[in-house]
Amino acid sequence: MKRRLLYLVVVFAGFLALFVLEKPLFMLFQSGKALAGVTAGDWFRVIWHGLPADICVAACLTLFPWITVFVSVWTRGQRWPGVANRIYFIFISLFLAAVFIGNMIYYPFRRLPIDGGSLMQLLLPGGAVGAPGWFVIVGIFFTAVVWLLINRGLGICTRLVNGLRPAINRGWWSAVMVIAGGLLVMGVLYGTCHAGYADFSNNAFLNHAAVNPVFSLFVK
């Protein structure tokens, strides 16, 4: 049963680490003009002020794994949680890769974080952001690369739920899983209530870099 809890912790921490890593990579991708005047402390402040939204999205993405391991407490077949999560991670990793790369490509043209209407526009050569066709093709290539990397990392996590043993004290562990789910919901609410925390600087670029692009898709 401890493997179920460890799995949830690892998945949540993995998503959170991914969002934290995205921020400096996003900043490095931008031109030197955007980074003018940015100090070493600013890089850490971008990560710190982006944490509430990162925690929110990481908790949201961990809800499906939580549901599967919770249900597995009361089911006999213990192979399906690993299969279900593996399929889930294939699609989630593709979505995250598309958002990360799309945000990097979109920002130099509009100087705004990606929002709900921008991701699909990026797929059209010469679309709303004015990106040339070859630029879009390069973006799709790097999206595929990032997708493979994220999917590989998340896929390794599913080893923790392969071949789970049935829970012995189902009532007790069900209560534990309910508490774990409550913590995830608290993480979602915390990030939602502190969405404006990313707006911390007079430098608009730093504020935009602190924004979680996945969070931005659903709130704008």
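The legends below describe close-up views of a predicted model.

**View 1. The whole chain is built from eight helices and zero strands.** Read from one end of the sequence to the other, the pattern is α-α-α-α-α-α-α-α. The chain has 220 residues, of which 45% count as buried. Its accessible surface comes to about 11300 Å², and carbon and sulfur atoms account for 74% of that area. Among contacts with a sequence separation of 6 or more, 79% join residues 24 or more positions apart.

**View 2. Helix α1 spans residues 2-29 and carries a set of buried side chains.** The buried positions in α1 are R4, Y7, L8, V11, F15, L16, L18, F19, E22, K23, F26 and M27. The 28 residues of α1 should span 40 Å at 1.5 Å a residue, and the end C-alpha atoms are 40 Å apart, so the expected and modelled spans agree.

**View 3. A salt bridge joins D54 and K23.** The closest N and O atoms of this pair are 2.8 Å apart. D54 belongs to helix α2 (residues 40-72) and K23 to helix α1, with their positions 31 residues apart in sequence, and the bridge thus links distant parts of the chain. D54 counts as buried because its relative accessible area is 0%. K23 is also at 0% relative accessible area, and is therefore classed as buried. Side chains of opposite charge can pair when their charged atoms come close. The count of salt bridges in the model is two, and the other is shown in the next view.

**View 4. R45 and D42 form a salt bridge within helix α2.** The N to O distance between the two side chains is 2.6 Å. Both residues lie in α2, three residues apart, which is about one turn of the helix. With a relative accessible area of 38%, R45 is partly exposed. D42 has a relative accessible area of 11% and so counts as buried.

**View 5. C56 and C60 are in no disulfide.** The count of disulfides in the model is zero. For C56, the nearest cysteine sulfur is that of C60, 4.5 Å away; for C60, the nearest is that of C56, at 4.5 Å. The pair does not qualify because a disulfide requires the sulfur atoms to be within 2.5 Å. A disulfide is a covalent bond between the sulfur atoms of two cysteines. C56 counts as buried because its relative accessibility is 5%. C60, at 35% relative accessibility, is therefore partly exposed.

**View 6. V71 of helix α2 is shown with M177.** The two residues are 106 positions apart in sequence, while their C-alpha atoms are 9.7 Å apart in space. V71 has a relative accessible area of 38% and so counts as partly exposed.

**View 7. Helix α3 covers residues 80-110 and is followed by R111.** At 1.5 Å a residue, the 31 residues of α3 should span 45 Å. The end C-alpha atoms of α3 are 44 Å apart, which agrees with that value. Just after the helix, R111 takes a positive phi of about 60°.

**View 8. Five residues make a nonpolar surface patch of about 470 Å².** The patch consists of V138, F141, F142, V145 and L149. One of these, V145, is found in helix α5, which runs over residues 133-157. V145 has 32% relative accessibility and is therefore classed as partly exposed. This value also meets the patch criterion, because patches are made of residues with over 30% relative accessible area.

**View 9. S216 of helix α8 is shown with the residues it touches.** Helix α8 comprises residues 213-219. Leaving out residues up to four places away in sequence, S216 touches P113, I114, D115 and V211. S216 counts as buried because its relative accessibility is 1%.

Key. Residues are numbered from 1 along each chain as its sequence is written. This is a predicted model: local features need pLDDT of at least 70, side-chain atom pairs count only at pLDDT 80 or more; totals for chains, interfaces and linings use all residues. Side-chain values use heavy atoms; hydrogens and water are left out. Patches are made of residues with over 30% relative accessible area and no salt bridge: like charges are joined within 9 Å, nonpolar side chains (Val, Leu, Ile, Met, Phe, Trp, Tyr) within 5 Å. Accessible areas come from the Shrake-Rupley method with a 1.4 Å probe; for residues, only the protein chains shown count as cover. A salt bridge is a side-chain nitrogen of Lys or Arg within 4 Å of a carboxyl oxygen of Asp or Glu. Helices (H or I, at least four residues) and strands (E, at least two) are DSSP runs, numbered from the N terminus. Buried means under 20% relative accessible area, exposed over 50%, partly exposed in between (1.4 Å probe, protein chains only). The expected span of a helix is 1.5 Å times one less than its number of residues. Contact means heavy atoms within 4.5 Å.
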